[in-house]
Amino acid sequence: ATWGGNNSLQCRYPIVGEGVRYIPWRTQRELVVQLFLDGDQAVTCRNLAGETLAELAIPDENFGDCVLRFLSTALSRPGVRLRVVAPDGGLIQPRTAWTEVLPKAQAADEFEVRRAKRSRLSSISE
């Protein structure tokens with residue numbers, strides 16, 4: 001056996017459908033943005049040069065949505081890897097929801113948790 005060979009075509013990329021192409025991860029452009037809170041339900045999204053890219057109001061029904069997916073749609077930058085810095089300076093992870101970022105969402109989430117606990121306790125005592 002020859003090491004590093006492609007005798008069995010094991011090094012080929014799978015064939016993809018029409019209109020689809022591979023983007024090597026090293027050549028994929030990145031956009032780093034930072035979120036700034038504007039009240040309880042709104043954020044300003046700025047690039048590292050301080051330019052405002054978007055001002056977004058986050059509706060109550062979107063509190064559970066993934067931050068990165070929401071911003072990717074709002075900024076409409078296809079083919080760009082989005083990296084988002086949270087208002088506290090940390091990096092927002094891929095599955096982070098708005099409930100972990102916005103104060104009003106956090107408060108609403110905490111209220112729901114407390115309400116669920118009270119509901120469970122009252123059903124146990126009955």
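A nonpolar core is taken here as a set of buried Ala, Val, Leu, Ile, Met, Phe, Trp, Tyr and Cys residues joined through side-chain atoms within 4.5 Å, where buried means under 20% relative accessible area, exposed over 50%, and partly exposed in between (1.4 Å probe, protein chains only). The model is predicted, so that local features need pLDDT of at least 70 and side-chain atom pairs count only at pLDDT 80 or more, while totals for chains, interfaces and linings use all residues. Residues are numbered from 1 along each chain as its sequence is written, and side-chain values use heavy atoms, with hydrogens and water left out.

**Exercise 1. Identify which residues of the largest nonpolar core touch the most other members, and which element supplies the largest share.**

Step 1. The largest nonpolar core has 23 residues, of which Leu35, Ile58, Leu71, Val84, Ile92 and Trp98 touch the most other members.

Step 2. At least two residues of this core come from each of β1, β2, β3 (52-57), α1 (67-75) and β4; helices (H or I, at least four residues) and strands (E, at least two) are DSSP runs, numbered from the N terminus.

Step 3. The largest share, 5 residues, is supplied by α1.

Step 4. As background, nonpolar side chains in soluble globular proteins tend to be buried together.

**Exercise 2. Work out how β1, β2, β3 and β4 are joined by bridges, and in which direction each pair runs.**

Step 1. Two strands pair if DSSP finds at least two bridges between them.

Step 2. β1 and β4 run parallel and are joined by 6 bridges, with Leu31 having Leu82 in β4 as its bridge partner.

Step 3. β1 and β2 run antiparallel with 5 bridges, and Leu35 stands opposite Cys45 in β2; these two strands form a hairpin with 4 residues between them, in whose turn Gly39 has a positive phi of about 90°.

Step 4. β2 and β3 are likewise antiparallel, joined by 5 bridges, and their hairpin also has 4 residues between the strands, with Gly50 taking a positive phi near 90°.

**Exercise 3. Describe the surroundings of Thr44 in strand β2.**

Step 1. Thr44 lies in β2, which spans residues 42-47, and counts as buried because its relative accessibility is 2%.

Step 2. The bridge partner of Thr44 in β3 is Glu55.

Step 3. With neighbours within four places in sequence left aside, Thr44 is in contact (heavy atoms within 4.5 Å) with Gln34, Leu35, Phe36, Asp38, Thr52, Ala54 and Glu55.

Step 4. The side chains of Thr44 and Asp38 make a polar contact at 2.2 Å, the term denoting a pair of N or O atoms within 3.5 Å, where within protein one must be able to donate a hydrogen and the other to accept it, and residues adjacent in sequence count only if both atoms are side-chain atoms.

**Exercise 4. Locate the salt bridge, and state how many disulfides a search of the whole structure finds.**

Step 1. The structure holds 1 salt bridge, defined as a side-chain nitrogen of Lys or Arg within 4 Å of a carboxyl oxygen of Asp or Glu.

Step 2. The side chains that meet in this salt bridge belong to Glu30 and Arg81 (2.9 Å, N to O); the pair links distant parts of the chain, 51 residues apart, with Glu30 in β1 (residues 29-37) and Arg81 in β4 (residues 80-85).

Step 3. Glu30 counts as partly exposed at 46% relative accessibility, as does Arg81 at 39%.

Step 4. The search finds 0 disulfides, a disulfide being a pair of cysteine sulfur atoms within 2.5 Å; Cys45, at 0% relative accessibility, is buried, and Cys66 is buried at 14%.
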